[in-house]
Amino acid sequence: MLAPGTEMKDALERRGITRRQLVKFCSAMLGTLALPDRFLPQAMAAVAKARKPVLVWLEFQDCAGCSESMLRSSHPNVGEAVLDLLSWEYHETIMAGAGQAATRTLDRVVKEEKGKYLVVVEGSIPTAEGGIHCTIGGRAAIDIAREVCSNAAATIAVGACAFDGGLVAAKPNPTGAVGVHEALPGIKVINMAGCPHNPANTAAVLVHYLTFNDLPAVDQYSRPLFAYGRIIHDQCERRAHFDAGRFVTEWGDEGHRKGWCLYKMGCKGPEATFNCPIVQWNDHTSWPIRAGHGCIGCASPRFWDHMSPFYERLPSVPGFGVEMTATKLGLGLVGAALVGVTGHGLASTLRPAAPPAPPPDSVRKEN
Amino acid sequence: MSRIVVDPVTRIEGHLRIEAQLDGGKLTDAWSSGTMFRGIEMILQGRDPREAWIWTQRICGVCTTVHSIASVRAVEDALGIEVPDNARIVRNLIAGSQMVQDHVIHFYHLHALDWVDVASALKADPAKTSQIAQSISDCSKSSTTYFRDVQRRVKAVVDSGQLSLFASGYWGHPAYNLPPELNLLAVAHYLEALEWQKDFIRMHAILGGKNPHPQSFLVGGMSTAMDPNEPAAVINPERIEVLRDLARSARRFVSDYYIPDVLAVAPYYKDWFSRGEGLGNFLSYGDYSSGDQRDPGTFLFPRGVVLGRDLTRVHPVDPAKITESVAHSWYEYAGGDAQPKHPSAGETNPKYTGPKPPFDHLDVDAKYSWLKAPRYDGQPMEVGPLARMVVGYAAGRKEIRDAVDGALKALNAPPSVLFSTLGRLAARALEAQIMANQLEGWVDQLAFNLEHGNTAIFNAARWDPGSWPASASGFGLHEAPRGSLGHWIEIDHKAIRNYQAVVPTTWNAGPRDAQGVRGAYEASLLNTPVADPNRPLEILRTVHSFDPCLACAVH
Amino acid sequence: MQPQMKPAAAPVPPERAPRKLAHPRMRIGPAIAVYVWQYPLRLAHWGLVLSIGLLAFTGYYIHNPFIVGQTKTTFLMGTFRFAHEAFAMCFIAFFLIRIYLFFAGDRWVKLSAMAPVSRARWKEMIEVAKFYAFIRPRPLSKVGHNPLAAASYLGIYALIFVEIVTGLVMFNWLAQNPVLTVLVGWIPGYIDIQNIRLIHFCLMFVFIAFGIVHVHMCLIVSSAEKRGLLDSIFTGYKVVPVDELEEDDRAAIEAARDHRVRA
Ligand code: HEM
Ligand code: HEM
Ligand code: NFV
Ligand code: SF4
Ligand code: SF4
Ligand code: F3S
Ligand SMILES: [Mg+2]
């Protein structure tokens, strides 16, 4: 079943690796996708293809954190992804060419690879004032995105910014920033939410695409289910402490040193979906909760506004400042009720008594 | 006379556009423009100051974390919080490892391709490359087989006709001077560095859960709880050993690869020791204390200003003298744009007046950039590794003097070569070395504290906003990889009233001020010869030597 | 401070003046005990009151675990969450009983009898409010709920519904039940989960505040009209002077001739 055909042989030679290495490489990638080994031949065949699919990586209103995150990918590592798996032809942060040499490359891909190439988008797209908040080569981001994404086979939006505007779209969203989905309704996009995206997941999506020539199954926000289907809280290593009621109550206290639950410190793990407890970060080294800090729900829709304030259990009550917590407001309401009824009650004692009701013994006999 | 436009400037962070005037083969003027704005300073208003660091961290994912440090420091300054010693050490480790990693990536992946012709590496004799490698470094990966494998891999890519990231390079440009063997060496190390950086930065994963954007800062300390006996503690003896290994790997990588490679490449580009000089004014806030963070005397990189390339005098730094001008920036100030503002009273009121996209040229006589123009005492300053080395050198700091003098000796050059494009490149490498050598010392300090039962890592006195005054203001300074970073915060009723970040790349890449005085990039490009206006490699060399980060610069 | 009382000039709602009520402060003739609150209604009322109390307690713990477990064997949060969910199921059951009564209950608890739909009812509500505001010396006595109270109860039921929905959204967020996913799974797409939580949390205070005001109002009205209003939520019966019965109520009671009217 795994007998390498000539194409496979060529590929191995071409890449200067052994079959064992290729098997290892492909199994690792399938591992990220949580796919069984029976897909191995398919994955290997895909990786071995002589002509590599072209990928272009666009950056708009980004911090390049998602690019950097991709550079930390380990299975495949970025060298493999860029040189062996794909032809990564445009990516401003790391590409060789600049200026016109760069834009010409992008134009060429859009023309020559029409309908076949993949686009990764990083960063939000500003829509206010005709897109003047982000221009590249004198063109507005939205125009570039429209042209490049609508001619692509598929668009992968990496990071919270490309997903739904991310931080840039947080209130008051000064630049009218939106995610790819909203900027370009109707295009085929998969959202790798997170701030940044986790490169293990994005690599898995790329591998899935290479193997099956299609994107994996997604949820209502077009995020792949394999990565965004479960709640952090249900996968968290501190969960037993949560159930037991063992909470960190002050940073650095005994519970904190013992790795207790961070719920009281504002952890949004119970609200957030993502697979970081399982795949973790930086080649499975750790993840935020392991580092003693609560989750901020970075893969959730509009998380900057919805999950903040990050150190409080609940969002601020709309219309009130950060000083006003829901508890204060609620206790205020209850207090007002108490004060109100007390006052009303006192005033009522001064009300002249109403005449007595007729005694019950005057009840009319029926039947 | 012609106008050269480089947009996008690539192998940087963010969206930078350079317009330059070419006259007689040389640049006679240049304009640096940042073309992307997000409004993070505006978005911060009204939010909880304790979480400002989480937001500002996303100003940049390349120098990730540096804005967290400046931010927590600003809030701690405003509220009068002193952080425990362990928090200082952990922050140093996070920022220091960030600096080393960032510098390595900059050299190999962002800057090297300005000096290294990848196509030429195919012509190299791997055996000769191996010889060179062994002569310049003790690095074990230097066999002929190793370089032959790399060459084969590059050849496979070239033969496939799918050159990936390298498709659009200026290969064969006459300004490439390296022999094929060195080109091959550099390409091999490009790949090595790619692999190393992702392993090394696991330091951030251990101390912050992930990189980019580690998540362990707190106003008042760090969330990395320490305990000598708890396996679940973030910092315990077992983790200390991992940190130590990583610190050592940094030291090894810088001494086995980075420094030898810089010293090997530089002699082929001697011209660039006298090009790209720039302003000659250098500013460093100083940072990385090994004792008391409030005492700049304990800083690894000292605080100071050097003016007009005068290495004999280090002027003190007075943060009150920092201002930002928007005379040529797409903002408006309440009191008029001619008057610069101190960041504590700073404003971010975007007002675009540039051409409607798509456009060919900016109106450089009017406003032409999203960057503000920071000034110190009214003067433009260069910040960054070169500024830190210059200030440290002028201040007579031993580690810095030794490192700089050693390099100058190896290159057989006088200190004046520092003020150049290559000077910046070399200063960055030396700084990476000083920092890489320092990391393990901080791990030792941390280990010492852990062993001696000092596990305090958070100061809880001001965590509860109920303990805050009705209003407070403060600022936090940091030396980020690209230079001096400051955050200013105004807190009012437990919420952020105003937040201003004045960022290294804003100093360097900023536009002209109200007096028409150029920023560092603009000044450094003057007189640069450009051989082929269609392939302005020379512009890239100098601009890249600053390690531009435009997301930082504009935010 | 002292409310101005003008008993003699106490206004009678104009449209009710022509009725055969004599002077409002006078009672003529015998009174009857009317069975106004069937036992399912009382069951629902007390079931809801009790479960709101328990849900508020357990819910507050979930919000802010004020007791921190120390040993490995405690299952504090687990217990509180389990209890909250169990009480929630009871709460939903009582709510459903009450919803059923909106359609199948007797004339005083039917939805149609409580909804402030006609102009006349709005005017009556104003009269009630005038009593609370000391403008009117006597409450506007009704056999069933007074119109203002009825409206506020509908309001509180609406909020209870919101509380249940938000609770179910959170429950499903954690439990991923296929039926619930169809019923409420779409909601977080419009209101994010944290704001769902916020609504759920804030309503808790609304219920508590409502309970306080509500009990107070019942006490005030009860003591003012002396018809055993407070007793009625325990026993089901209110004492109503026959002469004060409105025509339709009288007809209904007479037509019933059964358990609603006790000898
Ligand atoms: C009057 C009725 C209720 C009150 C006062 C109440 C109160 C609360 C409170 C205060 C919380 C904590 C919110 C926070 O996280 O800050 C909570 C959580 C919750 N409530 Fe309720 N609740 C009520 C009814 C319900 C109902 C009907 C359900 C239906 C299933 C429900 C399900 C939940 C769930 C699932 C949670 C989240 C538990 C968790 O995070 O583990 N609640 N409730
Ligand atoms: C949070 C606590 C409570 C809530 C949410 C609540 C809610 C309600 C509701 C919705 C009704 C209308 C019944 C119907 O027709 O559906 C009602 C009626 C009534 N409740 Fe409560 N109740 C609470 C506590 C109490 C307590 C503690 C008492 C007694 C001390 C009480 C006494 C009454 C009485 C007397 C009535 C009939 C009042 C009328 O017709 O205006 N309630 N209550
Ligand atoms: N300029 C800049 Fe940064 C740095 N270093 C930060 O403050 O890169 Ni993104
Ligand atoms: S999603 Fe986060 S990491 Fe990615 S570009 Fe946006 S701010 Fe940066
Ligand atoms: S730390 Fe956060 S995610 Fe983990 S169990 Fe506690 S609340 Fe849940
Ligand atoms: S903040 Fe993001 S990285 Fe994971 S732990 Fe939370 S989803
Ligand atoms: Mg600023």
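In this predicted model, Cys552(B) is well inside the buried range, with a relative accessible area of 2%. Cys60(B) is buried too, at a relative accessible area of 0%. Both residues turn up at the nickel atom of ligand 3, where the protein donors are the SG atoms of Cys60(B), Cys63(B), Cys549(B) and Cys552(B), at 2.2 to 2.7 Å from the metal. Along the chain, these donor residues follow the spacing C-x2-C-x485-C-x2-C. Cys60(B) sits in the loop between α2 (52-57) and α3 (66-79) of chain B, while Cys552(B) belongs to helix α16 (residues 550-554) of chain B, so this pair ties together parts that are 492 residues apart in sequence. The nickel atom has company: the iron atom of ligand 3 is 2.8 Å away from it, and Cys63(B) coordinates both.

Chain B also holds a magnesium ion (ligand 7). Its donors are Glu41(B) through OE, Ala501(B) through O and His555(B) through NE2, at 2.1 to 2.3 Å. The spacing here reads E-x459-A-x53-H. Ala501(B) comes from strand β14 (residues 495-502) of chain B and His555(B) from the segment after α16 of chain B, so the pair links parts that are 54 residues apart in sequence. Ala501(B) is buried at 1% relative accessibility, and His555(B) is buried as well, at 6%.

Turning to the nonpolar packing, the largest core counts 326 residues, and the members touching the most others are Phe60(A), Trp88(A), Val100(B) and Ile539(B). Helix α12 (residues 421-451) of chain B is the top contributor to this core, giving 15 residues. In chain A, domain 1 (8-226) and domain 2 (232-306) both supply residues to the core, so it lies between them. A look at Val100(B) gives a feel for the packing: leaving aside neighbours within four places in sequence, this residue is in contact with Trp196(B), Phe200(B), Ala250(B), Val254(B), Ala432(B), Met435(B), Ala436(B) and Leu439(B). Apart from the largest core lies another one, of 14 residues, including Ile32(C), Val109(C), Val143(C) and Ile253(C). As a rule, nonpolar side chains in soluble globular proteins tend to be buried together.

As for how the chains meet, two pairs touch, and the pair with the most contacts is A and B. Chains B and C, on the other hand, share no contact, and their closest C-alpha atoms are 15 Å apart.

Key. Residues numbered from 1 in each chain as written. Chains lettered and ligands numbered in written order. Predicted model: local features only at pLDDT ≥ 70, side-chain atom pairs only at ≥ 80, totals over all residues. Heavy atoms only, no water. Donors = N, O, S within 2.8 Å, 3.2 Å for Na, K, Ca; no water. Helix = DSSP H or I, 4+ residues; strand = E, 2+ residues; numbered from the N terminus. Buried < 20%, exposed > 50% of the residue type's maximum accessible area, 1.4 Å probe, protein only. Contact = heavy atoms within 4.5 Å. Core = buried A, V, L, I, M, F, W, Y, C linked by side-chain atoms within 4.5 Å. Domains from an automatic or database assignment.
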